[in-house]
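This briefing walks through a single protein model and the molecule bound to it. Please keep the sequence and the 3D view open while you read.

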Amino acid sequence: MASRGGFSNKLGFILAAAGSAVGLGNIWKFPFEVGNGGGAAFVLLYLSFCFILCFPVMITEIAIGRKTSLNPVGAFNALGFKNWNIVGKLGILCGVLILSFYNVVAGWAFGYFVEMVQGHFDIGQKFGGFISNIVKVGGYAVIFMFSTAFIVSKGVSGGIEKAAKILMPTLIIMILGLVAYAMTLPNATKGISFYLVPDFSEININVIGGALRQAFFSLSLGMGALITYGSYVGKDDNIVSSAAYITLMDVGIAFIAGLMIFPFVAFNLGGDMQQVTEPGFGGPGLIFVTLPSVFENIGGALGIIIGSLFFLLLSFAALTSTVSLLEVPVAYVVDEHKVNRNKAVWLVAGIIFILGIPSLLSGGYSEFFSNFSRIIGVPEVIDGDFLSFVAALADVLLLLGGCLIVFFAGHVWKKHNLDAEISQGFEGYEKSFVKKFLNFTITILSPIILAILFILVFFNNFIGIDIMSMIS
Ligand code: TRP
């Protein structure tokens with residue numbers, strides 16, 4: 001059998017997985033979710049979910065991947081539970097859905113970089129025109145998908161790992177530089193306190209569900225991305241500490257991104273942070289509409305440099321994520337259908353690009369796709385455009401997938417088998433506190449809470465029934 005390849009060492013894996021995790025979710029989505037969720041209360045919920053519910057799911061995914069050395073569908077088969085490979089299939093579908101719209105937004109980020117380099121600060125006011133300009137956004141989406149496919153076609157260590165080793169450190173340096181700069185702006189402290197001082201009256205089911213969805217999306221969980229990356233991990237690497245580093249890097253970068261964005265926003269609003277929570281202010285446009293005018297106010301060459309750096313950072317973060325999203329269906333096609341890697345990559349990338357066309361058109365170019373959710377009668381919790389619809393759909397599917405994966409590991413494959421895999425590379429695991437913590441979270445806490453929230457969020461977002469308010 002031809003070698004599937006693998007990461008060259010533990011650091012290579014951690015950087016690649018952190019690269020998958022750190023993406024638009026951290027820098028584009030996290031701040032506007034915080035804005036919608038009323039600020040710091042959302043941040044607190046998000047952090048608790050990451051460490052208590054998601055961290056165990058991450059360990060489970062990596063362990064299943066490493067145990068079987070296979071893609072999410074093959075992994076369930078190899079463990080002897082063919083019926084459960086539907087969870088892997090759901091994951092692959094989810095990855096395809098996510099990449100189809102994610103690539104479009106990544107293309108916007110890259111397009112903004114190009115505009116910033118030319119000093120086009122007014123692009124923020126022209127956001128609507130930009131995303132409905134099908135030639136431009138289509139072109140940038142092609143460039144982005146092409147770059148993603150190119151990296152993935154070079155294989156695991158020669159492509160995915162190598163890209164992460166260059167892009168991740170660059171990204172960290174850029175973001176720290178930008179935070180340091182943002183802190184010096186007038187009204188920075190007002191932005192920071194909105195971000196960090198919680199107001200618990202803001203918490204409701206949408207905020208709770210939103211925080212969990214954000215945690216799942218941001219950590220790349222629930223669809224087998226980490227089963228796939230786990231399948232390339234060395235047998236004597238410590239899975240628990242790797243997962244801890246990945247979680248910390250992802251949460252750390254989301255947190256730091258907030259420290260950069262909110263001072264920027266506060267600077268622009270003259271310190272009036274109330275506006276951020278008002279409907280219609282935040283949303284997907286927060287970064288694309290607001291930030292260019294921040295860079296304009298900075299002005300001159302410095303404005304151009306800061307603005308270009310920001311959108312380059314966003315593009316880099318997105319690229320290591322699109323790479324992981326493409327790798328999942330590619331690994332599936334390579335393992336299960338014995339297609340060679342190069343062919344699989346270009347075929348799958350092409351199909352996903354085509355599936356992304358409705359999202360491309362939903363920025364105003366096509367009436368139908370721009371108002372898709374209203375036309376088909378999806379509740380107003382979800383924005384009208386097709387891209388937002390697919391994003392919301394993928395979000396709930398990730399919760400379902402995550403729930404089924406931990407349930408499977410804890411009760412079908414059985415926890416002691418999972419433990420045996422985790423203890424490889426982790427001496428003393430059997431007697432550790434980590435094991436007790438995972439016992440409780442993997443077999444009881446995570447599956448139950450994920451199942452409940454999946455149902456609540458699904459009914460609320462897609463059927464328009466708010467079960468929580470019916471009970472209380
Ligand atoms: N985590 C990435 C982000 O925050 C997006 C992403 C990449 C993802 N791979 C994934 C989300 C797999 C869910 C599943 O931008």
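**A loop residue to begin with**

Asn187 counts as partly exposed, because its relative accessibility is 26%, a value that is neither under 20% nor over 50%. The model discussed here is predicted, and the points below are grouped by topic, beginning with the loops and then turning to the ligand and to several residues in helices.

**Residues in loops**

- Asn187 is placed in the loop that runs between helix H8 (156-183) and helix H9 (188-196), and its phi angle is near 70°, which is a positive value in a residue other than glycine.
- Lys338 also has a positive phi, near 55°, and is likewise a residue other than glycine; its place is in the loop between H15 and helix H16 (341-355).
- Lys338 is exposed, because its relative accessible area of 68% is over 50%.

**The ligand and its surroundings**

- The ligand sits in the largest cavity, where 17 residues surround it, and the closest of these are Ala21, Gly25, Tyr102, Phe217 and Ser220.
- Which helices each supply at least two residues of the shell around the ligand? They are helix H1 (10-21), helix H2 (24-36), helix H5 (85-117), helix H10 (205-218) and helix H15 (300-337).
- If the residues of this shell are sorted by character, nine are nonpolar and eight are polar, while no charged residue is found among them.
- Backbone atoms of the protein come within short distances of the ligand: an oxygen atom of the ligand is 2.8 Å from a polar backbone atom of Gly25, and a nitrogen atom of the ligand is 3.2 Å from a polar backbone atom of Ser20.
- Phe217 contributes in a similar way, with a backbone N or O atom that lies 2.8 Å from a nitrogen atom of the ligand.
- Taken alone, the ligand would expose 360 Å², and the protein buries 100% of that area.

**Two residues of helix H7**

- Phe146 and Thr148 both belong to helix H7, which spans residues 134-153, yet Phe146 is exposed, with a relative accessible area of 51%, whereas Thr148 is buried, with a relative accessibility of 0%.
- The label for Phe146 follows from the cut-off, because exposed means over 50% and the value for Phe146 is 51%.
- Phe146 and Gly350 are 204 residues apart along the chain, and their C-alpha atoms are separated by 9.1 Å.
- The side chain of Thr148 is joined to the side chain of Thr322 by a polar contact of 2.9 Å.

**Buried residues in other helices**

- Leu212 is found in helix H10, and this residue is buried, with a relative accessible area of 0%.
- How far apart are the C-alpha atoms of Leu212 and Gly138? They are separated by 32 Å, and the two residues are 74 residues apart along the chain.
- Ser388 lies in helix H20, which covers residues 386-412, and it counts as buried because its relative accessibility of 13% is under 20%.
- A polar contact of 2.8 Å joins the side chain of Ser388 to the side chain of Asp385.

Note on methods: Residues are numbered from 1 along each chain as its sequence is written. This is a predicted model: local features need pLDDT of at least 70, side-chain atom pairs count only at pLDDT 80 or more; totals for chains, interfaces and linings use all residues. Side-chain values use heavy atoms; hydrogens and water are left out. Helices (H or I, at least four residues) and strands (E, at least two) are DSSP runs, numbered from the N terminus. Buried means under 20% relative accessible area, exposed over 50%, partly exposed in between (1.4 Å probe, protein chains only). A residue is near a molecule or strand if one of its heavy atoms lies within 4 Å of it. A polar contact is a pair of N or O atoms within 3.5 Å; within protein, one must be able to donate a hydrogen and the other to accept it, and residues adjacent in sequence count only if both atoms are side-chain atoms. Accessible areas come from the Shrake-Rupley method with a 1.4 Å probe; for residues, only the protein chains shown count as cover. On a 1 Å grid over the protein atoms alone, a cavity is a set of points where a 1.4 Å probe fits but cannot get out, and a pocket is an open set with protein on both sides within 12 Å along at least five of seven lines; lining residues have an atom within 4 Å of a point. A molecule sits in a cavity or pocket if more than half of its atoms lie within 2 Å of its grid points. Ala, Val, Leu, Ile, Met, Phe, Trp, Tyr, Cys and Pro count as nonpolar, Asp, Glu, Lys and Arg as charged, and the others, Gly among them, as polar.
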